[in-house]
Amino acid sequence: METIEIALPSSKIMLSVGIDRKPMKTCRLKVYPDKSVVIAVPQTAPMDWIQSFLIQKSDWIENKLEKFSKTTGYAATTEIRNGQSIKMLGEDLIFSVSPSNKSSIYKEGKTICISAFDINSQERLLQSFEKWWRKEALMILQTKIDELYPIIGKYGIDKPHVALRKMKTLWGSCSVNRKTVTFNQYLIKAKPACVEYVVLHELVHFLYPNHSKQFYDFLSIQMPDWKERKKVLDLEVVHGL
């Protein structure tokens, strides 16, 4: 694939843009979540015209790249297309999108199968996918709560309710008074061991509402390798879940 470089207006970073020549009459510019940029153009489009067009669109390109940078690690996905991968419980799952008169989303092995009437409407695909993702996240996190609850249940603590939210800085929080644990709905992108660490961390707060020595002593007894699990989770955030 041909490439061309342009300077982004604010950061002054030189960006390499892929050129995909096709038998088409118009052009199409795409910025992908992996921060690659590709412009599809007619086969005979001259390089100077392509460069001029990209310069005109440079503000838009930079804004898109900045948006993807801010959401890395905190969104299930920002675009749905065939062959794109996302993580669930630490595994890469591939999207398979197909047109259909009936909308549906389901997981089959390592594939997320999506059927929709208009597969070109990213807005509708993302809305449907987010509903499915939240349902999956709630089921997975409720199962983890059920598995780990006996650790605190034997001390007379009621099993807490599970809620989901979009969070930018937290993986979980708890309200002892409302008997509720709230999780970041994107936590299920992490590996199971990391998810278990976050779940147990929040459950232990029902015994110790702060981060006291007693809290960490109890956590270490129940999960001796919690520091290693936390380190893995922190690294995944840095590199983008």
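Biologist: In this predicted model, what makes helix α1 a neighbour worth describing together with the strands, and at what angle does helix α1 run to β1?

Modeller: Helix α1, residues 47-56, lies across β1, β2 (14-22), β3 and β4, and its direction makes an angle of about 40° with β1.

Biologist: What makes β1 and β3 the edge strands?

Modeller: The four strands form an open sheet in the order β1-β2-β4-β3, with mixed pairing, and β1 (2-7) and β3 (28-31) are its edge strands, since each of them pairs on one side only. From one strand to the next, the twist averages 30°.

Biologist: How do you know that β3 and β4 are paired?

Modeller: Two strands pair if at least two bridges are found between them, and four bridges join β3 to β4 (residues 37-42), so these strands count as paired, and they run antiparallel. As one example of a bridge, valine 31 has valine 37 in β4 as its partner.

Biologist: Why does the structure hold zero disulfides, when cysteine 174 and cysteine 194 are both there?

Modeller: A disulfide needs two cysteine sulfur atoms within 2.5 Å, but the sulfur of cysteine 174 is 20 Å from the closest cysteine sulfur, which belongs to cysteine 194, and this is too far for a bond. Seen from cysteine 194, the closest cysteine sulfur is likewise that of cysteine 174, at 20 Å.

Biologist: Why is cysteine 194 called buried or exposed, and what of cysteine 174?

Modeller: Buried means under 20% relative accessible area, so cysteine 194, at 2%, counts as buried. Cysteine 174, at 26%, counts as partly exposed, because that class lies between 20% and 50%.

Terms used:
Residues numbered from 1 in each chain as written. Predicted model: local features only at pLDDT ≥ 70, side-chain atom pairs only at ≥ 80, totals over all residues. Heavy atoms only, no water. Helix = DSSP H or I, 4+ residues; strand = E, 2+ residues; numbered from the N terminus. Axes fitted to C-alpha atoms, helices over the stretch in contact; angles between N-to-C directions. Contact = heavy atoms within 4.5 Å. Buried < 20%, exposed > 50% of the residue type's maximum accessible area, 1.4 Å probe, protein only.
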